[in-house]
There are 2 protein chains.
Amino acid sequence: MKQSILPVLTCLALLGQPVSDGPSFSPAGELMLPKDYRQWVFVTSGLGMTYGPAAQANTSDPSFDNVFVNPSSYRAFLETGHWPDRTMFVLEVRHSAGKGSINQGGHYQTEIAAIEAAVKDESRFPQKWAYFGFGRGEKAEPFPANSVCNSCHRQNAAVETTFVQFYPELLEVAKRKGTLNAGFPNSH
Amino acid sequence: MKQSILPVLTCLALLGQPVSDGPSFSPAGELMLPKDYRQWVFVTSGLGMTYGPAAQANTSDPSFDNVFVNPSSYRAFLETGHWPDRTMFVLEVRHSAGKGSINQGGHYQTEIAAIEAAVKDESRFPQKWAYFGFGRGEKAEPFPANSVCNSCHRQNAAVETTFVQFYPELLEVAKRKGTLNAGFPNSH
């Protein structure tokens, strides 16, 4: 046994890989913002979408929302069409700009406006998924279980409580694996 | 020496990590589209930007452009503000949709329209960087060294020939490291 475990430990030390890439909580139960979430897997980006609490319907200064998920959960979803326990999404909301440098039209991303998160933790949250708003801070308490985040995700999401209908690559995976929520249309 | 290399080899075998995450070419010199580029590091996304050859100024159906870079080059840039040799960017152009599901405004991403790439390979390209259009294929020849891609990147980019002015996180890195091209304004 000693011989078979040693290379794994050596490996983790060499590559600096964390044992788990999921959520981390403070002793008080606050979710910690992962320092390296920009190196997590990018799921999608939208501009000026009006469904999210931090993405405002502001047509003159619309916000981008970049969605990231922890890499091991992304790979699990590709295999199964389901999110494993301890999946964590980070929603990074950024301001936008129009004309600048050589860009003469459309929008590109500028500074961060807010950061939010969704976490699946079945042992921690009776409703399985919880939602968090970091603002510009590094830790956040979950919104109450009856928050608008919880109810909107529960009522409108394509897979479990996640808005896979807006993640084109993963929507195809869910269709193939047959994991769309009952009643969710196959096309939109 | 044998003892110090063994754990590294064991490590690579255990974790399935490629020795290099940079570009791969066919024997004929065609760039291969990496199958896992969606798991590379996301740099930024824009909507309807008019500077790129595949991003058209179409206000009724603007395209998103998602930019990814190979992870080891991203981490090198965070440390140095420079792109190492064998850096590869993938530009994924996606169509957009407006109203759909619960979204009542703004734009979200739908199917892929085209995939392009930029590669730094000093031994392969006299001009160091080359540009590629995959369309929906899996391999691509470089555009000629006098292509509009080459000249526009050479003339307008913030760092080397890359449009770091549109990558807000990396623009801050370049400012801190002092690697913005001479004459490039510090703000835009």
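## Exercises on a predicted two-chain model

With 18 C-beta neighbours inside 10 Å, Glu160(B) counts as partly exposed. The cut-offs: a residue is buried if 20 or more other C-beta atoms lie within 10 Å of its own, exposed if 12 or fewer, and partly exposed in between, with C-beta atoms placed from the backbone. This is a predicted model, in which local features need pLDDT of at least 70, side-chain atom pairs count only at pLDDT 80 or more, and totals for chains, interfaces and linings use all residues. Residues are numbered from 1 along each chain as its sequence is written, while chains are lettered from A and ligands numbered from 1 in the order in which they are written.

### Exercise 1. Place Glu160(B) in its chain.

Step 1. Helices (H or I, at least four residues) and strands (E, at least two) are DSSP runs, numbered from the N terminus.

Step 2. Glu160(B) sits in the loop between helix 3 (148-156) and helix 4 of chain B.

Step 3. Take Ala182(B), 22 residues away along the chain. Its C-alpha atom and that of Glu160(B) are separated by 9.9 Å.

### Exercise 2. Find the strand order of the open sheet in chain B, then its edges.

Step 1. Two strands pair if DSSP finds at least two bridges between them.

Step 2. The sheet has five strands in the order 2-3-4-5-6, with antiparallel pairing.

Step 3. Strand 2 and strand 6 (129-135) of chain B are the edge strands; each pairs on one side only.

Step 4. From one strand to the next, the twist averages 25 degrees. Axes here are lines fitted to C-alpha atoms, for helices over the stretch in contact, and angles run from 0 to 180 degrees between N-to-C directions.

### Exercise 3. Count the bridges between strands 2 and 3, 3 and 4, and 4 and 5 of chain B, and give residue partners.

| Strands of chain B | Bridges | Partners |
|---|---|---|
| 2 and 3 | six | Phe42(B) with Phe68(B); Val41(B) with Val69(B) |
| 3 and 4 (residues 88-97) | six | Asp65(B) with Val93(B) |
| 4 and 5 (residues 108-120) | nine | Arg94(B) opposite Ile112(B) |

### Exercise 4. Decide how enclosed strand 2 of chain B is, and what packs on it.

Step 1. Seven of the seven residues of strand 2 of chain B are buried, so this strand is largely enclosed by the rest of the structure.

Step 2. Start with helix 2 (residues 71-80) of chain B: its buried residues are Ser73(B), Tyr74(B) and Phe77(B). Seen down the axis of helix 2 of chain B, they fall within an arc of 105 degrees, so they line one face of the helix. The arc is that of the directions from the helix axis to the C-beta atoms.

Step 3. These residues pack against strand 2 (41-47), strand 3 (64-69) and helix 4 (168-177) of chain B. Contact requires C-beta atoms, placed from the backbone, within 7 Å.

Step 4. Now helix 4 of chain B: Leu170(B), Leu171(B) and Ala174(B) are buried. Viewed down the axis of helix 4 of chain B, the buried residues span an arc of 110 degrees, so they line one face of the helix. They pack against strand 2 and helix 2 of chain B.

Step 5. Check the other side. The face of helix 4 of chain B turned away from its buried side carries the exposed residues Glu172(B) and Arg176(B).

Step 6. Look past the helix ends. Gly81(B) follows helix 2 of chain B with a positive phi, near 75 degrees. Gly178(B) follows helix 4 of chain B, also with a positive phi, near 70 degrees.

### Exercise 5. Identify the residues with the most contacts inside the largest nonpolar core.

Step 1. A nonpolar core is a set of buried Ala, Val, Leu, Ile, Met, Phe, Trp, Tyr and Cys residues joined through C-beta atoms within 7 Å.

Step 2. The largest one has 74 residues. Those with the most contacts inside it are Phe68(A), Phe89(A), Ala117(A), Phe68(B), Phe89(B) and Ala117(B).

Step 3. Expand one. Not counting residues up to four places away in sequence, Ala117(B) touches Leu31(B), Met88(B), Phe89(B), Val90(B), Leu91(B), Phe132(B) and Phe134(B).

### Exercise 6. Judge the confidence in chain A.

Step 1. pLDDT is the predictor's confidence in each residue, from 0 to 100. Chain A has a mean pLDDT of 86, and 84% of its residues reach 70 or more.

Step 2. Among the elements of chain A, helix 1 (residues 2-15) has the lowest mean, 45, and strand 1 (residues 31-32) the highest, 98.

Step 3. Over residues 6-19 of chain A the pLDDT is below 50. Where pLDDT is low, the predicted coordinates should not be read in detail.

Step 4. The model scores ipTM 0.85 and pTM 0.86.

Key
Two residues are in contact if their C-beta atoms, placed from the backbone, lie within 7 Å.
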